[in-house]
Amino acid sequence: SAIFPFSVEQSESKMGVTVQSIQAGDGKHYPMKRQTVTVHYTGYVDRGGQKEKFDSTYDRGPIDPKSKRPLGRPFKFRIHSGQVVKGWDEGVSQLSLGEKARIIMTPDVAYGSRGIPGLIPPNAVLFLEVTLVAIH
């Protein structure tokens with residue numbers, strides 16, 4: 001298992017969205033309301049102190065015949081249009097084109113008390129590692 005770069009303490013200090021840049025983007029192009037963005041991400045949820053991957057765009061798509069691993073299929077959505085939970089909109093809109101960042105979402109801007117049965121527990125803090133690949 002990979003070393004996970006987040007701590008629960010970071011997420012409990014503030015409600016909402018926390019963005020921590022890992023690799024700078026171009027610093028010029030930021031997604032605007034209703035623009036479509038393309039991102040690659042891996043999402044983790046805290047399960048009793050253990051970080052568990054719940055989804056990754058890198059695990060999707062056709063299988064590479066050489067590596068026998070998925071080639072990845074990025075995720076597209078329109079910023080601030082209700083297509084994703086509020087934390088996605090708030091976090092990704094702070095990234096510039098090409099930027100890679102850690103986005104921590106508290107339950108109030110993620111899936112709240114309902115969670116997603118079988119995938120994300122109720123009142124879960126989400127930890128995402130996101131790269132803004134394109135702005136359309």
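This report describes a glycine in a loop, a nonpolar core and the aromatic groups of a predicted model.

Residues are numbered from 1 along each chain as its sequence is written. Because the model is predicted, local features need pLDDT of at least 70 and side-chain atom pairs count only at pLDDT 80 or more, whereas totals for chains, interfaces and linings use all residues, and side-chain values use heavy atoms, with hydrogens and water left out.

**The loop glycine.** Gly61 lies in the loop between β3 (50-56) and β4 (75-78), strands being DSSP runs of E with at least two residues and helices runs of H or I with at least four, numbered from the N terminus. With a relative accessibility of 25%, Gly61 counts as partly exposed, a class between buried (under 20% relative accessible area) and exposed (over 50%), for a 1.4 Å probe and protein chains only. Although Gly61 and Gly72 are 11 residues apart in sequence, their C-alpha atoms are 5.0 Å apart.

**The core.** The largest nonpolar core, a set of buried Ala, Val, Leu, Ile, Met, Phe, Trp, Tyr and Cys residues joined through side-chain atoms within 4.5 Å, has 24 residues, of which Val39, Trp88, Val92, Met105 and Val130 touch the most other members. Two or more residues of this core come from each of β2 (36-47), α2 (86-92), β5 (100-105) and β6 (126-135).

Contacts (heavy atoms within 4.5 Å) are tabulated without neighbours up to four places away in sequence.

| Residue | Contacts |
|---|---|
| Gly61 | Pro70, Gly72, Arg73 |
| Val92 | Pro31, Val37, Val39, Phe77, Ile79, Ile103, Val130, Leu132 |

**Charge and ring.** The charged end of Lys51 sits over the ring of Phe127, 5.0 Å from its centre; the criterion is NZ of Lys or CZ of Arg within 6 Å of the ring centre and within 35 degrees of the ring normal.
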